[in-house]
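Reader: I have a structure open and would like to learn how to read its features one by one. Could you walk me through it?

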Amino acid sequence: MLDLFKQLMDFLHYNILGMVIYAIIKIVVIMVPLILGVAYMTYAERKVIGYMQIRIGPNRVGFFGLLQPFADVLKLLLKEIIAPSAASKALFFIAPILVLMPALAAWAVMPFFPGVVLADVNVGLLYVMAITSLGVYGIIIAGWASNSKYAFLGAMRAAAQVVSYELAMGFALIGVMMVSGSLNISEIVMQQGRGIAGGSVLSWNWLPLLPLFVVYFIAGLAETNRAPFDVTEGESEIVAGHMIEYSGMSFALFFLAEYMNMILISAMSSVMFLGGWLSPFPASIPFLGAPSFIWWFLKVAFMLFFFLWARATFPRYRYDQLMRLGWKVFIPVTLVWIVLIGAWMQTSFSLWK
Amino acid sequence: MTTVVLFYLFAVVLLGAGLATITAKNPVHAALFLMLAFFSGACLWMLMKAEFLAVALVLIYVGAVMVLFLFVVMMLDVNFEELRKGFWKHVPLAVTVAIIMAVEMGLILHSRAAEVVVGGLPEQAAGYNNAKALGYLIYTQYFLPFQLSAALLLVGMIAAIALTIRKRKNTKYINPAVQIATKREDRVRIVKMAAEARPTVGEVVEEQPKA
């Protein structure tokens, strides 16, 4: 039995076919919980916003409405997929896939626990930035291929918005890179457990890099086209932006990608700024003090709640104010803080030695 | 073995995408093929273990430059018939340029300077960090050229903004900073007045004439 197991392990680690199979198994192990997470994120969104508006939210399908996401998926799967006759057909159907693909691919370098990561690459942080920047293509292509004015306006808005906020986001991450001295995401989490504050909550990046954390998260809201930055969809202005001509499952793919990106941004901010799997309690406490995946999960859930909270609270930004916020507020804030951190690291008061 | 197969796969995609970029009739399709070409190029670099360069190529060219390119190309109203009219007129010039370029490339590839001493990549030690090595060189040995190129790009950016900036006179633009700074007192005036006696709802209903 043990011999068979060893043979299987050898096959998975050293045979090319075995390596491919092993990688696919790992991808499925990451993807299935992620897609379930997306399903329950839609449920959580409706429930949370419901309670914030003193409603109950979905409560008909299953116990407490817990089967609601599956009912929604089933409905969307059974709907007819329609393409406008004037649309550029091939691009019209490639677009939703192009939106979803980067949202999934970025998870390749996301560490869940030391060593538990699909690809532990040295330039992990840059990889996430590069892959997430590809997501906007799907939106632009969807807008153009639909051959509709509303969709096109949505695509134009998305292109300008995402490119603008990517800069602020990149600058916020530069601060993280500076204090960690690494682009490897696992390494960045480990680094937060060290330093003068000795691995407690205070040594995590969120405190010394607080402005960057705030900018990163708000830019993340804009990057995922979530309220209050959802001018791309802008129901009251351009009906649904780039998604207006889509129906059925091709429409659902846009939402799948949007929620997956939300989870990704939350996971990134928890890993970059909130110490990932590190525990907020001192290590002397038996179970609570140990770093574990539970902390990672709780931090991501905490950040995701902010997404819902922001949507229930803020009115939509006007387009020019949104641009002003990105270029004239966030980029200067991050630039100043990067210079400040750089100077701080050179003094004897540096926290990161 | 796997690397070789992947190399030829990416190389074929790269060449095909490059060819499609110049032959595609629709400029949007051409831009998308160019994006595919960049991406395949990045994959080739990744095969050579130049992961920093590969990711930077995707981040900068595919993620930012091509988005803006597509942005512009989509808004062009191109008349394809009009474009194709001058094709044969420009062919001799285009062919001449192409031949010169091909000859130049051939000369470079066959010159002694381009000769690679060892066919194959040097094996790097475990834990070798591409990005770190590059950063170390840029900030020590090549510090001045790096800063100069940064300054050049900054000047270029300012020049581009200065050239395209124009103020329209008839625009109803209001500075958002001023709008955000408004206080309640600027917009609403609360007037105190004594409450007036009004007929209640019930009384009004009774006074209405019956039809």
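Reader: Let me begin with a charged pair. Which residue forms a salt bridge with Arg311(A), and how many Å apart are the closest N and O atoms?

Author: Happy to help, and please keep in mind that this is a predicted model. The general idea is that side chains of opposite charge can pair when their charged atoms come close. Here the partner of Arg311(A) is Glu45(A), with 2.8 Å between the closest N and O atoms. The two residues belong to distant parts of the chain: Arg311(A) sits in helix α12 (residues 293–313) of chain A and Glu45(A) in helix α2 of chain A, 266 residues apart.

Reader: Which other residue forms a salt bridge with Glu45(A)?

Author: That is Arg226(A), and for this pair the closest N and O atoms are 2.4 Å apart. Glu45(A) is thus paired with Arg226(A) as well as with Arg311(A). A search over all chains of the whole structure gives seven salt bridges.

Reader: Now for domains. Where are the domain bounds in chain A?

Author: Start with the assignment, then look at the contact. In chain A, domain 1 covers 1–78 and domain 2 covers 88–346. Taken over C-alpha atoms, their centres are 21 Å apart. Domain 1 of chain A brings 18 residues to the contact and domain 2 of chain A brings 20 residues.

Reader: How much area do domain 1 and domain 2 of chain A bury between them, and what share of it is on carbon and sulfur atoms?

Author: A buried area is best read together with its atom types and its polar pairs. Domain 1 and domain 2 of chain A bury about 1,800 Å² between them, with 87% on carbon and sulfur atoms. Between these domains there are also two salt bridges and four residue pairs in polar contact, counting pairs with both residues at pLDDT 80 or more.

Reader: Which elements give two or more residues to the side of domain 1 of chain A that touches domain 2 of chain A?

Author: Those are α2 (16–52) and α3 (68–78) of chain A. The largest share comes from α2(A), with 16 residues. Sorted by class, this side of domain 1 of chain A, which touches domain 2 of chain A, holds 14 nonpolar, two polar and two charged residues.

Reader: Let me try the interface between the chains. How many salt bridges are counted between chain B and chain A?

Author: The count is zero salt bridges, while three residue pairs are in polar contact between chain B and chain A, both residues being at pLDDT 80 or more. On the side of chain B that touches chain A, at least two residues each come from α2 (27–47), α3 (51–75), α6 (130–139) and α8 (176–180) of chain B. The largest share of that side, 14 residues, belongs to α3(B). By class, the side of chain B that touches chain A has 22 nonpolar, six polar and two charged residues.

Reader: And what area is buried between chain B and chain A?

Author: About 2,500 Å² is buried between chain B and chain A, and carbon and sulfur atoms give 76% of it. The contact takes 30 residues from chain B and 28 residues from chain A.

Reader: Last topic: annotations. What does UniProt place at residues 293–313 of chain A?

Author: An annotation can be set beside the model's own geometry. The unreviewed UniProt entry places "transmembrane region" there, as one of several such spans in chain A. In the model, residues 293–313 of chain A are 100% helix and 0% strand, with end C-alpha atoms 30 Å apart. For chain B, the UniProt annotation "transmembrane region" (unreviewed entry) includes residues 6–24 and 142–165. Residues 6–24 of chain B are 95% helix, with end C-alpha atoms 26 Å apart. Residues 142–165 of chain B are 92% helix, and their end C-alpha atoms lie 35 Å apart.

Terms used
Residues are numbered from 1 along each chain as its sequence is written. Chains are lettered from A and ligands numbered from 1 in the order in which they are written. This is a predicted model: local features need pLDDT of at least 70, side-chain atom pairs count only at pLDDT 80 or more; totals for chains, interfaces and linings use all residues. Side-chain values use heavy atoms; hydrogens and water are left out. Domain bounds come from an automatic or database domain assignment. Contact means heavy atoms within 4.5 Å. Buried area is the accessible area (1.4 Å probe) that two parts lose on being put together, summed over both. A salt bridge is a side-chain nitrogen of Lys or Arg within 4 Å of a carboxyl oxygen of Asp or Glu. A polar contact is a pair of N or O atoms within 3.5 Å; within protein, one must be able to donate a hydrogen and the other to accept it, and residues adjacent in sequence count only if both atoms are side-chain atoms. Helices (H or I, at least four residues) and strands (E, at least two) are DSSP runs, numbered from the N terminus. Ala, Val, Leu, Ile, Met, Phe, Trp, Tyr, Cys and Pro count as nonpolar, Asp, Glu, Lys and Arg as charged, and the others, Gly among them, as polar. UniProt positions are given in the numbering used here, feature names are shortened, and annotations may be inferred rather than shown by experiment.
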